[in-house]
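Q: Got a minute to go through this one with me? I'd like to talk about rings, helices and odd backbone spots.

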Amino acid sequence: MIFPVADAHCDFLYGMAYGGFDMNRCAQRQTICLEHLEKGNVKLQFFAVWVDSKKHVPYARQCVDMIDAYYRMLDETPAIIPLTRDFDEKGGRIASVLTIEGGEAIEGSLANLRIFHRLGVRAMTLTWNETNALAQPAMRKRAKGLTEFGRDVIREMDRLNMAIDLSHLSDAGIDDILEMTDSAVFASHSNARGAFKHPRSLKDVHIKEIARRGGVVGVNFYQPQLTDNAHAIIDDIADQIEYIADLGGIDCVAIGSDFDGMVRYPIGLENPSKMQGLLGELSLRGFAAEDILKIAYGNLSRYIKAFI
């Protein structure tokens with residue numbers, strides 16, 4: 001059985017804006033392209049705007065450059081369209097959702113947040129891997145949560161009906177968000193710390209709370225969050241999916257690949273064209289077809305449509 005796939009995170013737009021990536025012509029170092037998406041039956045792809053602190057371009061300008069890349073991609077690729085609530089995954093097109101990775105993008109301005117929302121951004125992480133004006137990331141040892149401005153951002157995201165993405169955020173920051181809002185939150189590309197210990201992965205208690213609220217956890221393919229081995233394999237990803245499903249229920253598990261955001265990809269999952277191999281492994285492990293459909297597509301699609 002060929003399943004539709006929804007993927008909660010990729011970094012294609014950075015490559016398009018600054019690296020010459022083209023959705024219709026796949027470069028050697030590029031994983032996200034139309035050919036690969038269609039071959040893997042990817043029907044819903046989130047496109048992240050990732051701001052690069054090492055790039056000598058203001059954060060908001062980077063964000064605009066990548067949002068412009070997103071809309072140029074849509075113009076040049078009629079097969080990819082913005083997600084709508086009535087989108088039919090059985091048709092011939094691929095739906096897309098625009099997101100931001102790293103609250104640096106708004107440069108300390110709620111006005112920028114509102115403008116980016118008007119431009120189509122439907123979800124945002126508060127941090128990437130560096131401390132910013134909003135919060136502390138998971139990859140810093142000091143256990144700090146949200147700043148006062150970060151709290152203002154969460155309140156405004158709630159008002160705008162923008163999905164709050166917990167990926168990359170510190171445990172204390174996640175606790176702060178869960179205390180101050182009752183919204184359904186999600187983690188676009190975070191794994192389970194209980195399945196493989198890594199500071200960027202989620203604690204069990206956070207996964208359970210995301211599930212309780214109707215949110216989802218997108219399992220990513222980043223080797224350091226999957227295994228101590230030099231390369232991850234499909235089994236490592238399936239282990240994460242099984243763990244999260246057992247912990248939070250089948251309705252909270254999704255896929256958040258992080259394609260085009262890594263140097264090394266899992267053996268057997270080098271690009272989206274191989275997605276069905278992961279789903280085949282879930283079938284071998286005894287997952288029912290209706291549950292694989294939820295993991296592959298249904299859970300993430302159901303979640304994000306509430307923010308469209």
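**Rings, helices and backbone**

A: Sure. Let's start with two aromatics: F186 and Y303 are both buried. Keep in mind that this is a predicted model.

Q: How many aromatic pairs are there in the whole structure?

A: Searching the whole structure gives 12 aromatic pairs. In one of them, the ring centres of F186 and Y303 are 5.0 Å apart and the planes sit at 35°, so that pair counts as tilted.

Q: And where do F186 and Y303 sit?

A: F186 is in the loop between α6 (171-180) and α7 (204-212), while Y303 is in helix α10 (residues 289-305). The pair therefore ties together parts that are 117 residues apart in sequence.

Q: What about F259 and Y265, how are their rings arranged?

A: Their centres are 5.7 Å apart with the planes at 40°, so F259 and Y265 make a tilted pair.

Q: Are those two buried or exposed?

A: F259 and Y265 are both buried.

Q: Which residues are linked into a cluster by ring pairs?

A: That would be F12, F21, F47, Y70 and Y71.

Q: OK, and which residue lies over the face of Y18?

A: K55 does, at 4.2 Å from the centre of the Y18 ring.

Q: Switching to helices. How do α9 and α10 cross?

A: Their axes come within 10 Å and cross at roughly 150°. Anything over 145 counts as roughly antiparallel, so that is how α9 and α10 run relative to each other. The crossing of α9 past α10 is right-handed.

Q: Which residues make the contact?

A: On α9 there are L279, L282 and S283, and on α10 there are I292, I295 and A296.

Q: Now the odd backbone spots. What is the phi of N161?

A: N161 has a positive phi, about 60°, and it isn't a glycine. Most residues other than glycine have a negative phi.

Q: Where is N161, and how exposed?

A: N161 is in the loop between α5 (148-160) and β6 (163-165). Its relative accessibility is 34%, so N161 counts as partly exposed.

Q: And what is the phi of D260?

A: D260 isn't a glycine either, and its phi is positive, near 70°.

Q: Where is D260 found? Is that residue buried or exposed?

A: D260 is in the loop between β8 (253-255) and α9 (275-284). With a relative accessible area of 14%, D260 is buried.

Conventions
Residues numbered from 1 in each chain as written. Predicted model: local features only at pLDDT ≥ 70, side-chain atom pairs only at ≥ 80, totals over all residues. Heavy atoms only, no water. Helix = DSSP H or I, 4+ residues; strand = E, 2+ residues; numbered from the N terminus. Buried < 20%, exposed > 50% of the residue type's maximum accessible area, 1.4 Å probe, protein only. Phe/Tyr/Trp six-rings, centres within 6.5 Å; stacked < 30°, edge-to-face > 60°. Lys NZ or Arg CZ within 6 Å of the ring centre and 35° of its normal. Axes fitted to C-alpha atoms, helices over the stretch in contact; angles between N-to-C directions. Parallel < 35°, antiparallel > 145°, perpendicular 65-115°, else oblique. Left-handed = near helix turned anticlockwise from the far one by under 90°. Contact = heavy atoms within 4.5 Å.
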